[in-house]
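Me: I'm new to this one, so could you walk me through a few residues?

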Amino acid sequence: MGRVRVAFGLLVVVVGTAWLLGGPDAVRSGGRWTLALLPYVLLGLGLLLLLRAAVPRGLLAAPLVLILGGALWAAYAAGWLGGAARFWPGLIVLLGAAIALGGVPVATGTGNDGPLRHYRSVVLPLRPELVTEPGTGLRRITVASYLGDVRLRLADVPFQSETVLDTTVEVLELDVTLLFGSVAIELDHRCAVVKGDVTNALAVHFADQVRVYATTDIYADEARTELPRRIQLNVIGVGGTVAIRSR
């Protein structure tokens, strides 16, 4: 709710500023312009999702540059960009928004290097380095992917320990939020997955090598000795995929 409240507050600020500077006509004009632009935004997002699904990783930049360049050229030729005086400032604004919203991992030492980690990807891919201090392990990772792409390599990352029926196991809580994004997780062969609150169950895909258990009790009875590492998985959101594989 915090992000929703911030977004709503920014929207109110924008509307209020337009009303203050241009009167009611500016608000109505901005609303009509937004409604006219919305179909193209949805089309662009859909095209991005199709490209990401069809084009191998590492080859996506070229088609995106060609499509974006052609779309900007067509919009400029049609007069939609208001001439060169508005074209370059608008392009700079879009570039700044992409950088600000994109998934950039937080540098070590800035509060995201302890047992609790938070990562977010908006459109841009995110590959965080999950480094921990010697003798410590991760307790919880929160991941949000909004039309983005996140890759988590957990195979060599220690988790925090707890005792289950006189057996010491490593446990990590993994909370995933999706909005037509993707999250890929790599585990080691000694790690099991326990389903927690998996609201968007259709989006979760497990490789054949991954051992999955419905509850913590079943895991404790059947696999705590054989698989001394466990991930408690929670997934919410709309669309997107969570792919879990074991190496």
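Reply: Here are some notes on a surface patch and two further residues. This is a predicted model, in which local features need pLDDT of at least 70 and side-chain atom pairs count only at pLDDT 80 or more, while totals for chains, interfaces and linings use all residues. Residues are numbered from 1 along each chain as its sequence is written, and side-chain values use heavy atoms, with hydrogens and water left out.

Me: OK, where does R224 sit?
Reply: R224 lies in the loop between helix 4 (216-222) and strand 11 (229-238), where helices (H or I, at least four residues) and strands (E, at least two) are DSSP runs numbered from the N terminus.

Me: And how far is the nearest side chain of opposite charge from R224?
Reply: That side chain is D221, 5.0 Å away, and R224, although buried, has no salt bridge. Buried means under 20% relative accessible area, with a 1.4 Å probe and protein chains only, and a salt bridge needs a side-chain nitrogen of Lys or Arg within 4 Å of a carboxyl oxygen of Asp or Glu. Lys and Arg count as positive and Asp and Glu as negative, with His and the chain ends not counted.

Me: Switching topic, is V157 buried or exposed?
Reply: V157 counts as buried because its relative accessibility is 4%, and its place is in the loop between strand 4 (149-153) and strand 5 (160-164).

Me: What is V157 in contact with, beyond its neighbours within four places in sequence?
Reply: With those neighbours left aside, V157 is in contact (heavy atoms within 4.5 Å) with L130, T132, L138 and R229.

Me: And which helix holds L37, from the patch?
Reply: L37 lies in helix 1 (residues 2-54), and W33, L37, L38, Y40, V41 and L42 form a nonpolar patch on the surface, with about 620 Å² of accessible area together. Accessible areas come from the Shrake-Rupley method with a 1.4 Å probe, and for residues only the protein chains shown count as cover. Patches are made of residues with over 30% relative accessible area and no salt bridge, where like charges are joined within 9 Å and nonpolar side chains (Val, Leu, Ile, Met, Phe, Trp, Tyr) within 5 Å.

Technical notes:
Buried means under 20% relative accessible area, exposed over 50%, partly exposed in between (1.4 Å probe, protein chains only).
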